[in-house]
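Colleague: Please zoom in on one part of this model for me, the lining of the largest pocket. I'd like to know who supplies it and how those pieces sit together.

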Amino acid sequence: MLYKVTEVTPQAKELGFLILKATRELHRGISRLSTKMTEVYEHCVEVNSLENEADRVCREAISRLFDEEKDPIQLIKWKEIYETLEKATDKCEDAANILESVVVKNA
């Protein structure tokens, strides 16, 4: 709404889906803290993998944007949107790193 875009690009949808998957993995990891600490690490690894995938999608989306978008205002808007979505996956990775350190400290 801030940028008044009317249609969502496939790349933005993909980044949104990666955010959803990463937050679900974090939830699964956190829910196992009190029962199966050994499985928490697996969820942290998956979050890291999803963040790497989001980095790739974001780079490709921005590259494609610079190749194809002729309107500079639209280019600026979508570049900012892609980068903001990718930052969300960075925050998920930060949370996974903290979760992992909790497991290590309580091992």
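Modeller: H2 gives the largest share of that lining, 4 residues, though H1, H2 and H3 each chip in at least two. (Helices are DSSP runs of H or I, at least four residues, numbered from the N terminus.) This is a predicted model, where local features need pLDDT of at least 70, side-chain atom pairs need 80 or more, and totals for linings use all residues. Numbering starts at 1 along each chain, and side-chain values use heavy atoms, without hydrogens or water.

Around the pocket you'll find Thr9, Pro10, Gln11, Ala61, Arg64, Leu65, Glu68, Glu69, Gln74, Trp78 and Tyr82. (A pocket is an open set of 1 Å grid points where a 1.4 Å probe fits, with protein on both sides within 12 Å along at least five of seven lines; lining residues have an atom within 4 Å of a point.) By class, that's 5 nonpolar, 3 polar and 3 charged.

Now the helices themselves. H2 (residues 37-68) and H3 (residues 72-105) have axes that come within 9 Å and cross at roughly 165 degrees, so H2 is roughly antiparallel to H3 (over 145 degrees). Their contact has 19 nonpolar, 3 polar and 8 charged residues. H1 (residues 10-31) has an axis within 10 Å of H3's, crossing at roughly 15 degrees, so these two are roughly parallel (under 35).

Look back at Gln11, Trp78 and Tyr82 from the lining: they're also among the residues where H1 meets H3, meaning heavy atoms within 4.5 Å. That contact has 14 nonpolar, 4 polar and no charged residues.

Definitions and conventions: Axes are lines fitted to C-alpha atoms, for helices over the stretch in contact, and angles run from 0 to 180 degrees between N-to-C directions. Angles under 35 degrees count as roughly parallel, over 145 as roughly antiparallel, 65 to 115 as roughly perpendicular and the rest as oblique. Ala, Val, Leu, Ile, Met, Phe, Trp, Tyr, Cys and Pro count as nonpolar, Asp, Glu, Lys and Arg as charged, and the others, Gly among them, as polar.
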